[in-house]
Amino acid sequence: MRPERTAKVAADESLVSKKNNMEKRIINPWQWQDQRSYVQAVEVRQVESTLYCAGQAAVEADGTSSTGNMKTQLQLAIQNLEQVITEAGYECKNIVRLNILTTSSTELFTCFDLLQEWVARHGIQQASTVCEVTGLFETLKVELEATAVR
């Protein structure tokens, strides 16, 4: 066997042994974000795979958009996001990015504790952005877009 090929094989074997040892490092230069249930940055090393989730909203299993209030829609959006993540074989605790689109930040923050409780229950430490938009699809008020790793 040629020396360069032996070194390549050894390097590949080294990568395989580290493959399942994903490492996450949280970067928080401040503490104020802790009350808002997110982190400033997440560094992830030795990732086996990444799941990019489309925005999950309050859409029923039959494709019907909810006409419920913000709290009802947020609950269903969380359930839908969790279902997509778990059916893909990932864990919610490994969400590293969660973007929240809403048609009303004011309404969202009246029930934001639902999202915070879900984040705490799963031990999620994610970089997040909340963005108020002029509209979402049909009657939707909130949409959750996530990236998870393993």
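**Reading a predicted model: why each label applies**

Modeller: Gln-46 has its place in the loop between β2 and β3 (50-52), and since we are looking at a predicted model, we can practise on this residue how a label is derived from a value.

Colleague: Why does Gln-46 count as partly exposed?

Modeller: The relative accessibility of Gln-46 is 31%, and buried would require a value under 20% while exposed would require one over 50%, so Gln-46 falls in between and counts as partly exposed.

Colleague: What is there to say about the phi of Gln-46?

Modeller: Gln-46 is not a glycine, and yet its phi is positive, at about 55 degrees. As background, most residues other than glycine have a negative phi. Ser-37, which is also not a glycine, has a positive phi near 60 degrees, and this serine is found in the loop between β1 (23-27) and β2 (41-45).

Colleague: How many helices and strands does the protein have, and in what order do the elements run?

Modeller: The protein has four helices and seven strands, and read from the N terminus on, the elements follow the order α-β-β-β-β-α-β-α-α-β-β. Of its 150 residues, 35% count as buried. Among the contacts with a separation of 6 or more, 75% are made by residues 24 or more positions apart.

Colleague: What makes α2 roughly parallel to α4?

Modeller: The axes of helix α2 (residues 70-87) and helix α4 (residues 112-122) come within 10 Å and cross at roughly 25 degrees. Angles under 35 degrees count as roughly parallel, and therefore α2 is called roughly parallel to α4. The crossing in which α2 passes α4 is right-handed.

Colleague: Which residues make the contact, and how do they divide by class?

Modeller: From α2 come Lys-71, Leu-74, Gln-75, Ile-78, Leu-81 and Glu-82, and from α4 come Leu-114, Leu-115, Trp-118 and His-122. Sorted by class, the contact of α2 with α4 contains six nonpolar, two polar and two charged residues.

Colleague: Ala-77 lies in helix α2 as well, so what makes it count as buried?

Modeller: The relative accessible area of Ala-77 is 0%, and because buried means under 20%, the label follows for Ala-77. Not counting residues up to four places away in sequence, Ala-77 touches Gln-56, Ala-57, Ala-58, Val-142 and Leu-144. The C-alpha atoms of Ala-77 and Gln-56 are separated by 5.5 Å, although their positions lie 21 residues apart along the chain as a sequence distance.

Colleague: How do you know that Cys-92 is in no disulfide?

Modeller: A disulfide needs a pair of cysteine sulfur atoms within 2.5 Å, and the nearest cysteine sulfur to that of Cys-92, belonging to Cys-53, is 8.8 Å away. The structure as a whole holds zero disulfides.

Colleague: Is Cys-92 buried or exposed, and what label does Cys-131 receive?

Modeller: Cys-92 has a relative accessibility of 3%, and therefore counts as buried, since the limit for that label is under 20%. Cys-131, at 33%, counts as partly exposed.

Colleague: Where does Ser-104 lie, and why is it called buried?

Modeller: Ser-104 lies in the loop between β5 (95-102) and α3 (105-110). Its relative accessible area is 13%, which is under 20%, so Ser-104 is buried. Leaving aside neighbours within four places in sequence, Ser-104 is in contact with Met-70 and Glu-132.

Colleague: What makes Glu-132 count as partly exposed?

Modeller: Glu-132, in strand β6, has a relative accessibility of 48%; exposed would need a value over 50%, and so Glu-132 remains partly exposed. Not counting residues up to four places away in sequence, Glu-132 touches Thr-102, Thr-103, Ser-104 and Ser-105.

Colleague: Where is Lys-141 found, and why does it count as partly exposed?

Modeller: Lys-141 is found in the loop between β6 (127-132) and β7 (142-149). Its relative accessibility is 22%, and because buried means under 20%, Lys-141 counts as partly exposed. Lys-141 and Thr-102 are 39 residues apart along the chain, while their C-alpha atoms are separated by 5.5 Å. Beyond neighbours within four places in sequence, the contacts of Lys-141 include Gly-68, Met-70, Thr-102 and Leu-136.

Terms used: Residues numbered from 1 in each chain as written. Predicted model: local features only at pLDDT ≥ 70, side-chain atom pairs only at ≥ 80, totals over all residues. Heavy atoms only, no water. Axes fitted to C-alpha atoms, helices over the stretch in contact; angles between N-to-C directions. Helix = DSSP H or I, 4+ residues; strand = E, 2+ residues; numbered from the N terminus. Parallel < 35°, antiparallel > 145°, perpendicular 65-115°, else oblique. Left-handed = near helix turned anticlockwise from the far one by under 90°. Contact = heavy atoms within 4.5 Å. Nonpolar A, V, L, I, M, F, W, Y, C, P; charged D, E, K, R; others polar. Buried < 20%, exposed > 50% of the residue type's maximum accessible area, 1.4 Å probe, protein only.
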